[in-house]
There are 2 protein chains.
Amino acid sequence: MKTMHKEHTLTKNQQIIFDLIDKSPEPMKAYSILFNVQKKGIKAPLQVYRALDKLVEIGKIHKIESRNAFIACHNSSCRVAKATAFSICEICEKVTEISSAGLSKYLANFKDKDGMKYSKYNLEFFGLCKKCR
Amino acid sequence: MKTMHKEHTLTKNQQIIFDLIDKSPEPMKAYSILFNVQKKGIKAPLQVYRALDKLVEIGKIHKIESRNAFIACHNSSCRVAKATAFSICEICEKVTEISSAGLSKYLANFKDKDGMKYSKYNLEFFGLCKKCR
DNA sequence: ATTTAAATTGTTATAATATAACACTATGTA
DNA sequence: TACATAGTGTTATATTATAACAATTTAAAT
């Protein structure tokens, strides 16, 4: 017993789909994932969506909401899908996960007018990446 | 000539759809909007989506990306759909536009690791509203 | 006033994204 | 073993969104 929280051992489908997304240089859409894993025996949308749901839940991947696409988590500070921030290039669609202690601290401590705090958030910045400017 | 920026006079379809969203206490989904405006002669999804696109573009409404739903803008400080922030209750799905000078200033000035600034962003906070706690 | 460009409309069809329902299988654990 | 929980495979369907094209309206610029 050495870890605080359970290590999620991925199931076969979850592992196949995670590996694909993790290798991809850009966010992947569900049906593109489906197309790419059909040779591995995953034939139906639901098999993909179920794996995606679980992978999002345990924080291995994130959904880019404005793009309906999924990206592997490369940010140790996003505590299990609770707090995510991305930059998105509006020309080339490159997406980068933002890893800023300052930003996550600011947002984690943000209180609205009623004094309410929110432990979970998703932030998407839009602009032009270096290449596209 | 008294205003700096053009006043967008809404077209008939845009006005019908904006009025509906503006009256709604909660974000509305496209096909729910369609159902509600069919009696006014708007019969096809595209007519709805085109009006929605335009209303989003001119900042009269915002899209709640995580919900695929649309809400009227009640925040004078969101400069034409460029910078939006919402709180979303995960139980009752109540959505509130956040109007915080501090937050918008912080995000407008946020620079990533490469020193890049993003003028446009969308932030969605999740939690439980007062009623649901 | 007439022309022209730009935006909007109406329409049919279809693409893309996502879930319901059900029977079955694997896995962990009491 | 038996029980609960999570995952699988499958078919069907629901939900969200856009393509393509012809017609019409609007704005503004001669």
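How do the residues of the surface near DNA strand D divide into nonpolar, polar and charged? Read on to the second view for the answer.

**View 1. The six-strand sheet spans both chains.** This is a predicted model, where local features need pLDDT (the predictor's confidence in each residue, from 0 to 100) of at least 70, side-chain atom pairs count only at pLDDT 80 or more, and totals for chains, interfaces and linings use all residues. Residues are numbered from 1 along each chain as its sequence is written, while chains are lettered from A and ligands numbered from 1 in written order. The open, mixed sheet runs β4(A)-β3(A)-β5(A)-β5(B)-β3(B)-β4(B); strands are DSSP runs of E, at least two residues, helices runs of H or I, at least four, numbered from the N terminus, and pairing takes at least two DSSP bridges. β4 (95-97) of chain A and β4 (95-97) of chain B sit at the edges with a single partner strand each, so one side of each has no neighbour in the sheet. Over at β3(A) (83-89), the pairing with β4(A) is antiparallel, with 3 bridges, and Ile88(A) faces Val95(A).

**View 2. The surface near DNA strand D draws on 22 residues.** Near means a C-beta atom, placed from the backbone, within 6 Å. Thr11(A), Asn13(A), Ala44(A), Leu46(A) and Tyr49(B) come nearest. Top contributor is α3(A), with 6 residues. And the split is 10 nonpolar, 7 polar and 5 charged, where Ala, Val, Leu, Ile, Met, Phe, Trp, Tyr, Cys and Pro are nonpolar, Asp, Glu, Lys and Arg charged, and the others, Gly among them, polar.
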